[in-house]
Amino acid sequence: MLKQEVTTKLYEQLNLECYSANLYLQMSAWCHNKSFEGISQFFKKQSQEERNHIYRIFDYLNETSTMPMLGAIEAPPFNFSSLPELINLAYEHEKNITNKIHRLVHIAMNLQDYSTFHFLQWYVAEQHKEEQIFLSILNKFKIIAIDNNGLFLIDQMINNL
Ligand code: FEO
């Protein structure tokens, strides 16, 4: 049985992962609407990955005899001023998620909940990977001119990530 503080934080994380899945699906829709079809596919895949993040926490809660609780999910933004702004927002979002995961790890360690501590290590590695992906895309904007040709090239490159 999980301690109450760990349960509360895992519920919060479950909700955040649901929000992430919706955020990336909405970003996929915006990209498709602006004819960035490669990036639209990329965000659709990211949304699917977030669903896997949901299921991992969902399963862990079930396995520890703690019924998963799904709360209200905030609506994601649906309008973005530009593609770089959208990618930057995704990057900042991932940094925020990383902070939440690290906080959870810290709580699990302080409470000597080593099972949850071990469970969270996958998320620590995953966040490292996700932050790196978005930072690498942001850096591409710095080396490729942001004109129509540059945006077309970036759309093609991200589709292949
Ligand atoms: Fe589930 Fe991208 O954090």
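## Note on a predicted five-helix model

1. W30 sits in helix α1. Helices here are DSSP runs of H or I with at least four residues, strands are runs of E with at least two, and both are numbered from the N terminus. W30 is buried because its relative accessibility is 7%; buried means under 20% relative accessible area, exposed over 50%, and partly exposed in between, with a 1.4 Å probe and protein chains only. Setting aside residues up to four places away in sequence, W30 touches F36, F78, N79, F80, S82, L83 and L86. A contact here is heavy atoms within 4.5 Å. One of these partners, L86, is 56 residues from W30 along the chain, yet their C-alpha atoms are 9.3 Å apart.

2. Basis of the model. This is a predicted model, in which local features need pLDDT of at least 70, side-chain atom pairs count only at pLDDT 80 or more, and totals for chains, interfaces and linings use all residues. Residues are numbered from 1 along each chain as its sequence is written, and side-chain values use heavy atoms, with hydrogens and water left out.

3. Overall fold. The protein has five helices and zero strands. In sequence order the pattern is α-α-α-α-α. The C-alpha trace spans about 55 × 25 × 25 Å along its principal axes. Take contacts between residues at least 6 apart in sequence: 80% of them join residues at least 24 apart.

4. Surface and charge. Of the 161 residues, 43% are buried. The exposed area is about 8,800 Å², and carbon and sulfur atoms supply 54% of it. Areas come from the Shrake-Rupley method with a 1.4 Å probe; for residues, only the protein chains shown count as cover. There are 13 positive and 18 negative side chains, and the centres of the two sets lie 2 Å apart. Lys and Arg count as positive, Asp and Glu as negative; His and the chain ends are not counted. Each charge is placed at NZ of Lys, CZ of Arg, CG of Asp or CD of Glu.

5. Annotated site. Which residues does UniProt list for "binding site"? The unreviewed entry gives E17, E50, H53, E94 and Q127. These residues are spread over 111 residues of sequence but cluster in space, with a largest C-alpha distance of 12.9 Å. UniProt positions are in the numbering used here, feature names are shortened, and annotations may be inferred rather than shown by experiment.

6. E17 and H53. E17 lies in helix α1, residues 4-33. H53 lies in helix α2, residues 37-63. E17 is buried, because its relative accessibility is 0%. H53 is buried too, because its relative accessible area is 1%. Beyond neighbours within four places in sequence, E17 contacts E50, H53, I54, I57, I97 and Y123. With residues up to four places away left out, H53 touches E17, W122, Y123, E126 and E130.

7. S20. This residue is also in helix α1. At 1% relative accessible area, S20 counts as buried. Its contacts, apart from neighbours within four places in sequence, are E50, H93 and I97. E50 is among the residues in the UniProt listing.

8. T8. Helix α1 also holds T8. Is T8 buried, exposed or partly exposed? T8 is partly exposed, because its relative accessibility is 35%. T8 and M69 are 61 residues apart along the chain, and their C-alpha atoms are separated by 9.6 Å.

9. Positive phi. Most residues other than glycine have a negative phi, and most peptide bonds are trans. S35 has a positive phi of about 70° although it is not a glycine. S65 likewise is not a glycine, and its phi is positive at about 60°. S35 lies in the loop between α1 and α2, and S65 in the loop between α2 and α3, the latter covering 83-110. S35 is exposed because its relative accessibility is 52%. S65 is exposed because its relative accessibility is 56%.

10. Cysteines. How many disulfides does a search of the whole structure find? It finds zero, where a disulfide is a pair of cysteine sulfur atoms within 2.5 Å. C18 is buried, because its relative accessibility is 11%. C31 is buried, because its relative accessibility is 0%.
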